[in-house]
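Student: I'd like to learn how to read a structure like this one. Could you walk me through it?

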Amino acid sequence: MGDIKVRYTVETMRDGKAETRTDVQAGSMNEAAEMLGPVKAGLGREPTSGEWIRVTEFVSGRTNWFRARD
């Protein structure tokens, strides 16, 4: 059996506004976020300022937030 891929929307966010948006297929939210480069996982609540990456599962609408790793 192959890996199951799920459709995600990956957005780069700045101060609450999406700067870029792309749809990807990945095996997890972490993998989807890493399409933009290395990330720090698990921010908890969505930030309201600064820069972050928002990943949303297409079917369920479940969302997670990440910061780009330096």
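Student: Leaving aside neighbours within four places in sequence, which residues is Ile-4 in contact with?

Tutor: Keep in mind that this is a predicted model. With close sequence neighbours (up to four places) set aside, Ile-4 is in contact with Ala-26 and Gly-27. Ile-4 sits in the segment before S1.

Student: Is Ile-4 buried or exposed?

Tutor: For that, look at relative accessibility: over 50% counts as exposed, under 20% as buried. Ile-4 comes out at 67%, so it counts as exposed. As for Arg-45, that residue is 41 places from Ile-4 in sequence and 27 Å away in space, C-alpha to C-alpha.

Student: Now the sheet. In what order do the strands run?

Tutor: Here you read across the strands by who pairs with whom. Five strands make an open sheet, in the order S2-S1-S4-S5-S3, with antiparallel pairing. S2 and S3 (39-40) are at the edges with a single partner strand each, so each has one side without a neighbour in the sheet.

Student: How many bridges link S1 and S2?

Tutor: Nine, in the antiparallel sense. The two strands form a hairpin with two residues between them, and Asp-15 in the turn has a positive phi of about 50 degrees. To see the register, find Val-10: it stands opposite Thr-22 in S2. Further along the sheet, S4 and S5 (residues 63-68) pair in the antiparallel sense over four bridges. There, Thr-56 has Thr-63 in S5 as its bridge partner.

Student: Where do the side chains of a strand point?

Tutor: In a regular strand they alternate between the two faces of the sheet.

Student: Which residues make up the largest nonpolar core?

Tutor: Think of a core as buried nonpolar residues linked through their side chains. The largest one here has 11 residues: Tyr-8, Val-10, Val-24, Ala-26, Met-29, Ala-32, Ala-33, Val-39, Ile-53, Val-55 and Phe-66. Strands S1 (6-14), S2 (17-26) and S4 (51-57), along with helix H1 (29-33), each give two or more residues to this core. H1 gives the most, with three.

Student: Can you take one core residue and show me what Val-55 touches?

Tutor: Sure. Val-55 lies in strand S4. Its relative accessibility is 0%, so it counts as buried. Not counting residues up to four places away in sequence, Val-55 touches Tyr-8, Thr-9, Val-10, Met-29, Ala-32, Ala-33, Arg-62, Thr-63, Asn-64 and Phe-66. Val-10 has its own list of contacts beyond four places in sequence, including Thr-20, Val-24, Ala-32, Leu-36 and Ile-53.

Student: What about a charged residue? Is Glu-11 buried or exposed?

Tutor: Don't guess from the residue type; check the accessible area. Glu-11, in strand S1, has a relative accessible area of 5% and is buried. Next, look for a polar partner: a contact of 2.6 Å joins the side chains of Glu-11 and Arg-21. Outside its neighbours within four places, Glu-11 is in contact with residues including Ala-18, Trp-52, Ile-53 and Thr-56.

Student: Last one: how many aromatic pairs does the structure hold?

Tutor: A pair of aromatic rings is described by the distance of the centres and the angle of the planes. This structure holds zero such pairs. There is a charge over a ring, though: Arg-7 lies over the face of Phe-58, at 3.7 Å from the ring centre.

Conventions
Residues numbered from 1 in each chain as written. Predicted model: local features only at pLDDT ≥ 70, side-chain atom pairs only at ≥ 80, totals over all residues. Heavy atoms only, no water. Phe/Tyr/Trp six-rings, centres within 6.5 Å; stacked < 30°, edge-to-face > 60°. Lys NZ or Arg CZ within 6 Å of the ring centre and 35° of its normal. Core = buried A, V, L, I, M, F, W, Y, C linked by side-chain atoms within 4.5 Å. Buried < 20%, exposed > 50% of the residue type's maximum accessible area, 1.4 Å probe, protein only. Contact = heavy atoms within 4.5 Å. Pairing = 2+ DSSP bridges. Polar contact = N/O pair within 3.5 Å; in protein donor to acceptor, adjacent residues only side chain to side chain.
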